[in-house]
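Trainee: I am new to this structure and would be grateful for a close look at a single part of it. Please take me through the aromatic residues and their setting.

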Amino acid sequence: MGMPRWESDAQGRLERAALELFETQGFERTSVAQIADAAGLKERSFYRYFPDKREVLFAGNELEAHLVAQVEATDPGLTPIEAVLDALRTAEGIFRPREFLLRRARVIAANPALVERDLIKLADIADALARVLERRGVEPGKARFIIDVVLAIHRRATSRWLTDPDTTLSQLITQAADELREAVMPPAPTTRRQGELLD
């Protein structure tokens, strides 16, 4: 849905131009002027969207703002972990196309400056989400713990989503959450019944 706009707008053009340059000549050797030029824009236009070249691959605070708003809007009856997982399930729409994200992940992994920026962004999102849970009445230490667990679920789901074109991120988040539940919950009584049949 958001894709056609992203294809044509200046921010999307800058993101794609930057990614291509980072891939072909490396992050270090790419300048803001080159990115703007490749996107068909003036250098000063670049700074309307991003403070520096590191930020180009991190789409401002779109994701953080989206997730915070979603968690704030969820049904108060949901458990805190479900509220945050629900918010993450809705984020697919504001993400970039999968092929762009795959390429982006490779560029980030190859550049320590970008890996560091990625971790900082993730920490910012985690802090913002923990504060939202605190406003919902969750004790701070517990809020932080819940967010850490949710981010682990999200990481598992995202890495699968990037490599398996036939899935939706939402399905994979549910699947990863189920895996976690299986790992921490004692097995259901059904397994005992099977054992009894073997007697």
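Mentor: Let us begin with Tyr 47, bearing in mind that the model is a predicted one. Tyr 47 has a relative accessibility of 43%, and because buried means under 20% and exposed over 50%, Tyr 47 counts as partly exposed. Phe 46, by contrast, has a relative accessibility of 0% and therefore counts as buried.

These two residues also meet through their side chains. The ring centres of Phe 46 and Tyr 47 are 5.3 Å apart and the planes stand at 80 degrees; since planes over 60 degrees apart count as edge-to-face, the pair is edge-to-face. Phe 46 has a further aromatic partner in Phe 50, with 5.6 Å from centre to centre and 45 degrees between the planes, and this pair is tilted. Phe 50 is buried, as is Phe 46. Phe 46, Tyr 47 and Phe 50 together make up one aromatic cluster. In the whole structure there are three aromatic pairs.

The record offers some context for this part of the chain. An unreviewed UniProt entry lists residues 31–50 as "DNA-binding region". In the model, residues 31–50 are 70% helix and 0% strand, and the C-alpha atoms at the two ends of the span lie 13 Å apart.

Earlier in the chain comes helix α2, which covers residues 10–25. Its 16 residues, at 1.5 Å a residue, should span 22 Å, and the end C-alpha atoms are indeed 22 Å apart, so the expected and modelled spans agree. Many residues of α2 can be named as buried, among them Ala 10, Leu 14, Ala 17, Ala 18, Leu 21 and Phe 22. An α-helix has 3.6 residues a turn, so residues three or four places apart point the same way. Just after α2, Gly 26 adopts a positive phi of about 90 degrees.

To complete the setting, one may turn to the largest pocket, which holds about 960 Å³ of space. Its lining consists of 34 residues, and Leu 63, Arg 104, Asp 118, Leu 122 and His 154 lie nearest the centre of the pocket. Helices α5 (62–73), α7 (98–109), α8 (112–135) and α9 (140–163) each contribute at least two residues to the lining. By character, the lining residues of the largest pocket comprise 20 nonpolar, five polar and nine charged.

Definitions and conventions
Residues numbered from 1 in each chain as written. Heavy atoms only, no water. 1 Å grid on protein atoms, 1.4 Å probe; cavity = no way out; pocket = protein on both sides within 12 Å on 5 of 7 lines; lining within 4 Å. Points joined across faces, edges and corners; volume = space filled by probe spheres on them. Helix = DSSP H or I, 4+ residues; strand = E, 2+ residues; numbered from the N terminus. Nonpolar A, V, L, I, M, F, W, Y, C, P; charged D, E, K, R; others polar. Expected span 1.5 Å × (residues − 1). Buried < 20%, exposed > 50% of the residue type's maximum accessible area, 1.4 Å probe, protein only. UniProt positions renumbered as here; feature names shortened; annotations may be inferred. Phe/Tyr/Trp six-rings, centres within 6.5 Å; stacked < 30°, edge-to-face > 60°.
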